[in-house]
Amino acid sequence: MENCAKPLRIGVVGTNFVSDWLMEAAALLPQVRVSAVYSRAQATGDAFAQKHGIPLVYTSYEAFLASGKIDAVYIASPNFA
């Protein structure tokens, strides 16, 4: 029987090299789609989205979370002070 489930739509917070690793892994999984990216800077978010074929870019974290376009969030922002 064919899998009819919709893919898991992931939103990514951050556009660094760790996010690139996530994109490489997600590309191997047909049941996962990265559908949005959040970045503090529009230009950075746009460049990352274009590089990886991500359709949506947000610079507002609240709009990103409230969009209804993501099922889960991967946080790749720096965690050091």
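What follows is a chat about how the labels on this predicted model were assigned.

User: Before we start, what are the ground rules for this model?

Analyst: It's a predicted model, so local features need pLDDT of at least 70 and side-chain atom pairs count only at pLDDT 80 or more, while totals for chains, interfaces and linings use all residues. Residues are numbered from 1 along each chain as its sequence is written, and side-chain values use heavy atoms, with hydrogens and water left out.

User: What makes up the fold, element by element?

Analyst: From the N terminus on, the chain goes β-α-β-α-β-α-β. That gives three helices and four strands. The labels come from DSSP runs: H or I over at least four residues for a helix, E over at least two for a strand, numbered from the N terminus.

User: What makes the four strands a sheet, and in which order do they sit?

Analyst: Two strands pair if DSSP finds at least two bridges between them. Strand 1 and strand 4 have four bridges and run parallel, so they pass that test. One position to look at there is V13, which stands opposite I75 in strand 4. The whole sheet is open, has the order 3-2-1-4 and is paired in parallel fashion.

User: Why are strand 3 and strand 4 said to stand at the edges?

Analyst: Because strand 3 (56–58) and strand 4 (72–75) each have a single partner strand, one side of each is left without a neighbour in the sheet. As for the twist, the average is 30 degrees from one strand to the next.

User: Which strands does helix 2 touch, and what is its angle to strand 3?

Analyst: Helix 2 packs on the sheet and touches strand 2 and strand 3. Its direction makes about 160 degrees with that of strand 3, where axes are lines fitted to C-alpha atoms (for helices over the stretch in contact) and angles run from 0 to 180 degrees between N-to-C directions.

User: How do you know that L22 is buried or exposed?

Analyst: Buried means under 20% relative accessible area, exposed over 50%, and partly exposed in between (1.4 Å probe, protein chains only). L22 comes in at 15%, so it counts as buried. The residue is found in helix 1. Leaving out neighbours within four places in sequence, L22 is in contact with V12 and Y74, contact being heavy atoms within 4.5 Å.

User: What makes a set of residues a nonpolar core, and which residues form the largest one?

Analyst: The members have to be buried Ala, Val, Leu, Ile, Met, Phe, Trp, Tyr or Cys residues joined through side-chain atoms within 4.5 Å. The largest set has eleven residues: I10, V12, L22, M23, A26, V32, V34, V37, F48, A49 and I54. Strand 1 (8–13), helix 1 (17–26), strand 2 (32–38) and helix 2 (42–52) each supply at least two of them. Apart from that core lies another, of six residues, including A36, Y38, Y58 and F64.

User: Why is the R9 and D71 pair called a salt bridge?

Analyst: The rule wants a side-chain nitrogen of Lys or Arg within 4 Å of a carboxyl oxygen of Asp or Glu. R9 and D71 meet at 2.9 Å, N to O, so the label fits. R9 lies in strand 1 and D71 in the loop between helix 3 (61–66) and strand 4, so the pair ties together parts that are 62 residues apart in sequence. R9 is partly exposed at 25%, and D71 is partly exposed too, at 44%.

User: How many salt bridges are there in the structure?

Analyst: Two. Besides R9 and D71, the side chains of D20 and K51 meet at 3.4 Å, N to O. This pair links D20 in helix 1 with K51 in helix 2, 31 residues apart. D20 has 17% relative accessible area and so falls in the buried class, while K51, at 57%, counts as exposed. Besides K51, D20 is in contact with F48 and H52, leaving aside neighbours within four places in sequence.

User: How do you know whether the overall size agrees with a compact globule?

Analyst: Take the globule rule, 2.2 Å times the number of residues to the power 0.38, with the radius of gyration computed over C-alpha atoms. For 81 residues a compact globule would be near 12 Å, and the chain has 13 Å, which agrees. The C-alpha trace spans about 50 × 25 × 25 Å along its principal axes. Buried residues make up 31% of the chain.
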